[in-house]
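Open the model in your viewer and keep the sequence panel in reach. Each stop below gives a selection and then what is there.

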Amino acid sequence: KTSDFPAFFTPSSGLPTSTCVDDAGQAATLLLSQLRLNLTSGMVLAVPVPADLAAEGIQIEEATRKAVKEADETGIRGNEVTPFLLKRINELTGGESLRANIALVKHNAEVGAAVALELAKQAKQSK
């Protein structure tokens, strides 16, 4: 339900989405259409962290910039970057980023389950 692509710890990145769906049923219809057309491209269902559980945007941005700079300065590369950034941003935000990340994981599971149920229902109805 957003035309603004979500950021990792906050509901808004300031970047637009190419498509927006209003509910799990619409998301399922879009996915089912892609499957039926045998399209080989991927699809991102970007789900924002609920606003009331989001971390404070400015604090996260500052912590992220600092952590990225530290990673670069210390030569952290490849698959070591993400774990370093998550840990360092958590330290710099006093746990706010971890709290927001956990809320996002739970919300993603809820939305994913709702889309999966709708997809199964629509696929069954169309046979």
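Select Ala-67 first. At 0% relative accessibility, Ala-67 is buried, since the cut-off for buried is under 20%. Keep in mind that this model is predicted. Ala-67 sits in helix α2. Now show what surrounds Ala-67. Leaving out residues up to four places away in sequence, Ala-67 touches Phe-84, Leu-85, Arg-88, Ile-89 and Leu-92. Draw a distance from Ala-67 to Ile-89: their C-alpha atoms are separated by 6.3 Å, with the two positions 22 residues apart along the chain.

**Stop: α2 against α3**

Widen the selection to helix α2, residues 57-73, and helix α3, residues 81-92. At what angle do α2 and α3 pack? The angle is about 130°, and the axes are 9 Å apart. α2 and α3 are therefore oblique to each other. Their crossing is right-handed.

Colour the contact residues. On the α2 side, pick Gln-59, Ile-60, Ala-63, Thr-64, Lys-66, Ala-67, Val-68, Glu-70 and Ala-71. On the α3 side, pick Phe-84, Leu-85, Arg-88, Ile-89 and Leu-92. Sorted by class, this α2 contact with α3 has 9 nonpolar, 2 polar and 3 charged residues. Ala-67 belongs to this contact, and Ala-67 is buried.

**Stop: charged pairs**

Stay on α3 and select Lys-87 and Glu-91. Both lie in helix α3, 4 residues apart, about one turn of the helix. The two form a salt bridge, with the closest N and O atoms 3.8 Å apart. Is Lys-87 buried or exposed? Lys-87 is exposed, with a relative accessible area of 56%. Glu-91, at 44%, is partly exposed.

Next, select Arg-77 and Asp-72. Their side chains meet in a salt bridge at 3.6 Å, N to O. Arg-77 has 48% relative accessibility and counts as partly exposed.

Move to helix α4 and select Glu-118 and Lys-121. These two are 3 residues apart in α4, a separation of about one helical turn. Their salt bridge has its closest N and O atoms 3.6 Å apart. Glu-118 is partly exposed at 22% relative accessibility. Lys-121 is partly exposed at 42%.

Now add Glu-70 and Arg-88 to the Lys-87 and Glu-91 selection. Salt bridges that share partners join Glu-70, Lys-87, Arg-88 and Glu-91 into one network. Glu-70 and Arg-88 are also among the residues of the α2 contact with α3. How many salt bridges does the model hold? The count comes to 7.

**Stop: α1 against α4**

Hide the charged pairs. Select helix α1, residues 24-36, and helix α4, residues 96-125. Their axes come within 8 Å and cross at roughly 55°. α1 and α4 are therefore oblique to each other. α1 passes α4 in a right-handed crossing.

Pick out the contact next. From α1 come Ala-24, Gly-25, Ala-27, Ala-28, Thr-29, Leu-31, Leu-32 and Arg-36. From α4 come Ala-114, Val-115, Glu-118, Leu-119, Gln-122 and Ala-123. By class, the contact of α1 with α4 has 9 nonpolar, 3 polar and 2 charged residues. Glu-118 turns up again here; Glu-118 is the salt-bridge partner of Lys-121.

**Stop: Asn-101**

Stay on α4 and select Asn-101, which lies in that helix. Is Asn-101 buried or exposed? At 17% relative accessibility, Asn-101 counts as buried. Show the residues around Asn-101. Not counting those up to four places away in sequence, Asn-101 touches Phe-8, Phe-9 and Leu-86.

**Last stop: Met-43**

Select Met-43, in the loop between α1 and α2. Met-43 has 37% relative accessibility, so it counts as partly exposed. Setting aside neighbours within four places in sequence, Met-43 is in contact with Leu-30, Leu-31 and Gln-34. One of these, Leu-31, also takes part in the contact of α1 with α4.

Finish with a distance from Met-43 to Arg-88. The two are 45 residues apart in sequence and 30 Å apart in space, C-alpha to C-alpha. Arg-88 leads back to the start of the tour: it is one of the residues that Ala-67 touches.

Conventions:
Residues numbered from 1 in each chain as written. Predicted model: local features only at pLDDT ≥ 70, side-chain atom pairs only at ≥ 80, totals over all residues. Heavy atoms only, no water. Axes fitted to C-alpha atoms, helices over the stretch in contact; angles between N-to-C directions. Parallel < 35°, antiparallel > 145°, perpendicular 65-115°, else oblique. Left-handed = near helix turned anticlockwise from the far one by under 90°. Contact = heavy atoms within 4.5 Å. Nonpolar A, V, L, I, M, F, W, Y, C, P; charged D, E, K, R; others polar. Buried < 20%, exposed > 50% of the residue type's maximum accessible area, 1.4 Å probe, protein only. Salt bridge = Lys/Arg side-chain N within 4 Å of Asp/Glu carboxyl O.
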